[in-house]
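Subject: Structure for you to look at

Hello,

Here is the structure I promised to pass on. Please open it beside this email and follow along.

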Amino acid sequence: MATSGSGTSFRPDETYAAAAERFFELMKTFGMTAGAMPDWKALAAPLATQFERWLQMSQAAAPWFTGAPPGAAAGGGFGATTAAAFAQLQGELAKHWSEIAGTAAHRFVARLGTAPAVPASPQQALQLYELWVNCAEEAYAATVHKEEFGRLQAELANTSAALLAEQRRQADTLVRSFGLPTRDEVDALYGQVKDLRRQLTELAAVPRSAAAAAAAPAGRGTQPKPSPKRTVRPKPRPSPARGRTRRPRR
C-alpha cells in the first residue's frame with residue numbers, strides 16, 4: 001500500500017500472512033487434503049525439494065554469482081580453467097543447499113509427529129508455517145556458520161571476480177583486432193574530456209569576473225582611501241647670537 005513520501009510501505013504482518021497462505025497452497029499440491037489425517041513423513045521429500053530450489057535461486061541472485069555462464073567450462077579457450085573451477089565450486093555449494101533443505105524438512109516432520117489434521121484455511125496453517133520457518137532457520141544457521149561454508153563462499157567470490165577479469169581481457173583483445181577502442185581507452189578519453197571542460201569553464205570565468213568589476217558603477221564596491229593632507233610647519237625664527245654686545249647710540 002502506497003504512502004506519501006515513501007512510495008511503498010512494507011508491512012511485515014501482511015507479508016508473513018501472505019507467505020503462510022502460499023505455504024498452505026503448496027501443501028495442497030503435495031496431496032495434503034484439508035481435514036484429513038496426513039502422513040507427515042511423505043511431506044519431507046517434496047518440501048525439501050522446494051526449499052532447495054529457493055536457496056539456489058536466492059544465491060543465483062547475487063551479482064557476483066553469475067560470473068560463469070552455462071557451458072563456459074566446456075567452451076575451451078582462455079579462461080576455461082577458471083570457468084571449470086567456478087563450476088566445481090557451484091557443485092560444492094549445491095551440496096550444502098541440499099543438506100540444509102533435507103535437515104529442515106526432517107526437523108519439520110519430526111516435530112509434526114503428533115500434529116492434528118491438515119489445516120483447512122490459511123489462518124489455521126499459520127502456526128504450521130511458523131514451525132516450518134523455525135526449522136528452516138535452524139538448519140540454515142547450522143550450515144552457514146561452519147568454517148567450510150565460509151571458505152566456499154570466499155572462493156566463489158574470488159573465482160567469479162577472476163573469471164570476469166579474464167572475460168574482459170578477452171573482449172579487449174577482440175575489439176583491438178577490429179581496430180576498436182577498448183573500454184579502458186574510452187574511459188581514459190572520457191576523463192580527459194571532463195578535465196578539458198573543467199579547465200575551459202575556469203578560463204571563461206576569469207574574463208567575466210574582470211568585466212563585471214570594470215562595469216561596476218561608481219560609489220559601489222571598495223572606495224579608494226584618501227591621501228593624507230600635508231601639514232606645513234612654520235620655519236623657526238633665528239634667535240639672537242649669544243655673547244654679542246650692542247653698541248650704544250650716540
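Along the sequence, the pattern reads α-α-α-α-α-α. In total there are 6 helices and 0 strands. Keep in mind that this is a predicted model.

Two overall numbers come next. The protein has 250 residues, and 24% of them count as buried. Now take the contacts with a separation of 6 or more: 76% of these join residues 24 or more positions apart.

**Helix 2**

Start with the length. Helix 2 has 17 residues, and at 1.5 Å a residue it should span 24 Å. The C-alpha atoms at its ends are 24 Å apart, so the expected span and the model agree.

Which residues of helix 2 are buried? They are Ala44, Leu47, Ala48, Phe51, Leu55 and Gln59. Look down the helix axis and these buried residues fall within an arc of 105°, so they line one face of helix 2. Now turn to the face pointing away from that buried side. There you will find Ala45, Trp54 and Met57, which are exposed.

**The largest pocket**

The largest pocket holds about 540 Å³ of space. It is lined by 16 residues, and those closest to its centre are Phe51, Trp54, Tyr129, Trp132 and Val133. You have met two of these names already: Phe51 is among the buried residues of helix 2, and Trp54 is one of its exposed ones.

Where does the lining come from? Helix 1 (12-29), helix 2 (44-60) and helix 4 each supply at least two of its residues. What is the lining made of? It divides into 12 nonpolar, 1 polar and 3 charged residues.

**Four residues to click on**

*Thr143.* This residue lies in helix 4, which covers residues 122-144. Is Thr143 buried or exposed? Its relative accessibility is 3%, and buried means under 20%, so Thr143 counts as buried. Setting aside residues up to four places away in sequence, Thr143 touches His96, Glu99, Ile100 and Phe149.

*Arg111.* You will find Arg111 in helix 3 (residues 80-111). Its relative accessibility is 43%, so Arg111 counts as partly exposed. Leave out neighbours within four places in sequence, and Arg111 is in contact with Leu131, Cys135 and Glu138. Also compare Arg111 with Trp40. They are 71 residues apart in sequence, yet 9.8 Å apart in space, C-alpha to C-alpha.

*Gln153.* This one sits in helix 5. Gln153 has a relative accessible area of 18%, and the cut-off for buried is under 20%, so Gln153 is buried. How many residues separate Gln153 and Gln90 along the chain? The answer is 63, while their C-alpha atoms are separated by 9.7 Å.

*Arg169.* Helix 5, residues 147-177, also holds Arg169. At 47% relative accessibility, Arg169 is partly exposed. Its partner for a distance check is Thr182, 13 residues away along the chain. The C-alpha atoms of Arg169 and Thr182 are separated by 9.6 Å.

That is the tour. Try finding the pocket on your own, starting from Tyr129, one of the residues closest to its centre.

Best wishes

Terms used:
Residues are numbered from 1 along each chain as its sequence is written. This is a predicted model: local features need pLDDT of at least 70, side-chain atom pairs count only at pLDDT 80 or more; totals for chains, interfaces and linings use all residues. Side-chain values use heavy atoms; hydrogens and water are left out. Helices (H or I, at least four residues) and strands (E, at least two) are DSSP runs, numbered from the N terminus. Buried means under 20% relative accessible area, exposed over 50%, partly exposed in between (1.4 Å probe, protein chains only). Contact means heavy atoms within 4.5 Å. On a 1 Å grid over the protein atoms alone, a cavity is a set of points where a 1.4 Å probe fits but cannot get out, and a pocket is an open set with protein on both sides within 12 Å along at least five of seven lines; lining residues have an atom within 4 Å of a point. Grid points are joined across faces, edges and corners, and a volume is the space filled by probe spheres set on the points. Ala, Val, Leu, Ile, Met, Phe, Trp, Tyr, Cys and Pro count as nonpolar, Asp, Glu, Lys and Arg as charged, and the others, Gly among them, as polar. The expected span of a helix is 1.5 Å times one less than its number of residues. The arc is that of the directions from the helix axis to the C-beta atoms.
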